[in-house]
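Here is a short tour for anyone meeting this chain for the first time. Have a look at the picture, and then let's walk through it piece by piece.

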Amino acid sequence: MAKKWKVFWIIAAILLCAGQLYADELLSIKAGYQLLSPEGTIGGTVGKADIGDDLKLDDSEDFSGEIALSWGNSRLSLNYLPLDFSGTGSLFDPITLNGETFSGDVKSNLTIDLYDIGYTYYLLNFDDLPTRFQFGLEVAIKVADADFTIKESTSGQSESESVLAPIPTIGARARVALADYLGVAGRVGYMEFSGNHFLDAEAQVEFSPIPMVGIYAGYRYFDLTIDEDELYVDAKITGPFAGVMVRF
């Protein structure tokens, strides 16, 4: 997991350097904590299992990070979202993964490291009114680095499969600032690409009692399908998140 965060901070450093090119930029950094619950199915070359009923995967609790640079009508952002689901269950139907067949009681683990690089252009950007409003179109690249491991409890036989799936999305972002210290923001993005699809939506409230420091809380929804040669994941992932933010 440390290597994944290194990638995030390397790209973040690039954005920080890029911020020096703009005189009116607004740089924001967020660090949050999330509690996300999965549902759906996971399969190999043969067979599928229900995430909740069969594999009994638990919720994912982990930290997330975002850095965003705004200038003029543009916004450039980088998000990192680690997901880690594990559990002990029993397969109703056998699953074949990498040529090995698993049945009965199994332990399994699904990790997804999600990198999200997005660019927003605000078609509406009213920042000089008592109630500020922004609305724009957003294009993004979601890179899902997924790994699924399964181990049969009786025999101890285990296998794992990893896939790296880049998925471009098109969507929208909006923000309403009811006051200097209180705002509501939301975004949605969607795309189907090479058998994979991704729907990403979130809404959050931002509260900044101090001009440069604040807190935020919201709710996130993912609908993710990864359909590769050896691994199939069709999952809906939902849950709340909260954290702290600083702005420069």
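Let's begin with L137, which sits in strand β6. L137 is also one of the members of a nonpolar patch on the surface, along with Y119, Y121, L123, L124, F126, L129, F135, V139 and I170. Taken together, these residues have about 890 Å² of accessible area. Which strand gives the most to the patch? That's β5, with five residues. Two strands, β5 (100-126) and β6 (132-152), each supply at least two of the patch residues.

Before going further, a word on trust. What you're looking at is a predicted model. The mean pLDDT of the chain is 87, and 90% of its residues reach 70 or more. Residues 18-24 are another matter: pLDDT stays under 50 there, and the model has eight contacts beyond four places in sequence for this stretch.

**Charged pairs**

Now for the salt bridges. Side chains of opposite charge can pair when their charged atoms come close. In this model the count comes to twelve salt bridges. Here are three of them, with the closest N and O atoms in each pair:

| Pair | N to O distance |
|---|---|
| K142 and D116 | 2.7 Å |
| E206 and R175 | 3.1 Å |
| E206 and R247 | 2.7 Å |

Take K142 and D116, whose side chains meet in a salt bridge. K142 lies in strand β6 and D116 in strand β5, so this pair ties together parts that are 26 residues apart in sequence. Are these two buried or exposed? K142 is buried, with a relative accessible area of 1%, and D116 is buried too, at 4%. Both also belong to a network of salt bridges that links D116, E138, K142, R173, R187 and D200.

E206 turns up twice in the table, since E206 forms a salt bridge with R175 and another with R247. The E206 and R175 pair links distant parts of the chain: E206 is in strand β9 (residues 196-210) and R175 is in strand β7 (residues 158-179), 31 residues apart. At 5% relative accessibility, E206 counts as buried, while R175 is partly exposed, with a relative accessible area of 22%.

What about the other partner of E206? R247 lies in strand β11 (residues 232-247) and E206 in strand β9, so their salt bridge ties together parts that are 41 residues apart in sequence. In this pair, E206 is buried, and so is R247.

**A loop residue worth a look**

Finally, find N73. Where does N73 lie? N73 is in the loop between β3 (60-71) and β4 (74-97). N73 is partly exposed, with a relative accessible area of 31%. Leaving out residues up to four places away in sequence, N73 touches T120, Y121, Y122 and N125. One of these, Y121, is also listed in the nonpolar patch. With N125 there is a polar contact as well: 2.9 Å joins the side chains of N73 and N125. And although N73 and G136 are 63 residues apart along the chain, their C-alpha atoms are separated by 8.6 Å.

Note on methods: Residues numbered from 1 in each chain as written. Predicted model: local features only at pLDDT ≥ 70, side-chain atom pairs only at ≥ 80, totals over all residues. Heavy atoms only, no water. Patch = residues over 30% accessible without salt bridge, like charges linked within 9 Å, V, L, I, M, F, W, Y side chains within 5 Å. Areas by Shrake-Rupley, 256 points an atom, 1.4 Å probe, with all protein chains shown as cover. Salt bridge = Lys/Arg side-chain N within 4 Å of Asp/Glu carboxyl O. Helix = DSSP H or I, 4+ residues; strand = E, 2+ residues; numbered from the N terminus. Buried < 20%, exposed > 50% of the residue type's maximum accessible area, 1.4 Å probe, protein only. pLDDT = per-residue confidence, 0-100. Contact = heavy atoms within 4.5 Å. Polar contact = N/O pair within 3.5 Å; in protein donor to acceptor, adjacent residues only side chain to side chain.
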